[in-house]
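The following account considers a protein fold and the charged side chains within it. Please keep the sequence and the structure in view while reading.

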Amino acid sequence: MIAQFLLSILSDAFHAMRLTIPHYVRAHAITVAILCGLGPQTVQAAGPDEVHRQMDHIETAGGDSGFGFSNGSVIVAPVPFSNPTIGSGLALGAGYLFKIDPGSKTSVIGLGAMRSDNGSQAAGLMTNLAFDNNRWLLNLFAGKADVRYDLYTSLGPIPIHQDGQLARFNLAYGVTEDLSFGGVIRYLNTSIAVDGTSFPSLPPQYSPDLNLEIITAGFSADWDRRDNSDYPTDGSRLTAEATRSFFVDTGRASYDKANIKYDTYRPLAADSTLAFRGVFCAATDETPFFDQCSIGATDNMRGFNSTQFLDLRSTSFQAEYRRRFGPRWGAVAFGGIGWTGAKLSEFGDGGSHSAIGLGARYRVSKKFPIDFSVDISHSNLGDDQIYIYVGQRF
């Protein structure tokens, strides 16, 4: 969980900067959307007008046609969020955007930080570089987080305090304009403890995962044929990643993990679109609980805490109807269903996990299709969640 959370921090803080970050880099480097949702916390987020004001200078920076490091622009982007895992808060990103050569998309060097109302906080440094006419794409990430969340166990939800340091290196090569392949290396050092005095300790099955140092290596692929990376209305995208992780200074066996995501978009009219997502995730037996497949984290599905349904296998399907009402306002109706299990044959044992909902969209940029999003979901467990973020879920 700490790895997924850290990789999403700069996505929160730099979501506004996505206007100019190369879509190949985003595909391999950061989670496109935050682990969104809201528990009982009160939402304290800036309204659409405030977000719009914060975007004005970003549009100016993104329109710079010069190239070379010295011709870049500095931008700052605050982004409110709500998350059932860590509560509500604000992420802040500051970056330097520039073009290495005329044929490549914008590169970025940036810092991001966040804090939520439950005491979770994190900071990170990201570098995304695109060069040689977007043929080569390089991403470096380093971050540190101190996170508090509830872990759902057989004893019920247990408050957890997890801190960690994460570094990730990703290099991708574009075979064509649509297809790229890459390699990834990740380092994670994390420790976990019960937060508070309500529970003396975690159940025994979690004991091996409390203090770990992990090195991960793997490969990724991205086949992106969407007409737009920020608000697609036609086309599809297929991404896949397979990794092997090794524990440092322990005799514990390594573990493997792989996931595949397929998104497709179909225009219904000039102002409406159908979007679909299918996700499959698999991990081997030694995978720590925080790196397992998750309904809500692996697939960005709305309706559930990302630690509520964790297992070695997961799959989910989502659909969303998107409608625009003029240049600024829009709305969505969405639904999703997912399953988890230790094996494929056990998917049905725990039942299905489904949710439906409605959302409002406000276009915060006149130049780029970036929306300020507020969603309300209702799950088959009877829980209602509110999601606040910038952009689309998929």
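Two residues are in contact when heavy atoms of theirs lie within 4.5 Å. On that basis, 61% of the contacts in the protein with a separation of 6 or more are made by residues 24 or more positions apart. The structure is a predicted model, and its secondary structure comprises 3 helices and 18 strands.

The burial of the chain can be described next. The protein has 394 residues, of which 54% count as buried. Its accessible surface comes to about 15,600 Å², and carbon and sulfur atoms contribute 59% of that area.

Attention now turns to charged side chains. Side chains of opposite charge can pair when their charged atoms come close. In the whole structure, a search finds 20 salt bridges. One of them joins Arg-323 to Asp-271, with 3.2 Å between the closest N and O atoms. Arg-323 belongs to strand 14 (residues 313-325), whereas Asp-271 sits in the loop between strand 10 (255-269) and strand 11 (272-283), so the pair ties together parts that are 52 residues apart in sequence. Where do these two partners stand with respect to solvent, given that buried means under 20% relative accessible area and exposed over 50%? Arg-323 counts as partly exposed because its relative accessibility is 30%, and Asp-271 is likewise partly exposed, with a relative accessible area of 29%.

A further salt bridge involves Asp-371 and Arg-324, whose closest N and O atoms are 3.0 Å apart. This pair links distant parts of the chain, for Asp-371 is in strand 17 (residues 371-379) and Arg-324 in strand 14, 47 residues apart. Are these partners buried or exposed? Asp-371 is buried, with a relative accessible area of 0%. Arg-324 also counts as buried, at 13% relative accessibility.

Salt bridges with shared partners also occur: they join Arg-302, Glu-320, Arg-322, Arg-361 and Asp-375 into one network. Within this group, Arg-322 forms a salt bridge with Glu-320, and the closest N and O atoms of that pair are 2.6 Å apart. Both Arg-322 and Glu-320 are buried.

Taken together, the examples include a pair with partly exposed partners, Arg-323 and Asp-271, and pairs with buried partners, namely Asp-371 with Arg-324 and Arg-322 with Glu-320.

Methods. Residues are numbered from 1 along each chain as its sequence is written. This is a predicted model: local features need pLDDT of at least 70, side-chain atom pairs count only at pLDDT 80 or more; totals for chains, interfaces and linings use all residues. Side-chain values use heavy atoms; hydrogens and water are left out. Helices (H or I, at least four residues) and strands (E, at least two) are DSSP runs, numbered from the N terminus. Buried means under 20% relative accessible area, exposed over 50%, partly exposed in between (1.4 Å probe, protein chains only). Accessible areas come from the Shrake-Rupley method with a 1.4 Å probe; for residues, only the protein chains shown count as cover. A salt bridge is a side-chain nitrogen of Lys or Arg within 4 Å of a carboxyl oxygen of Asp or Glu.
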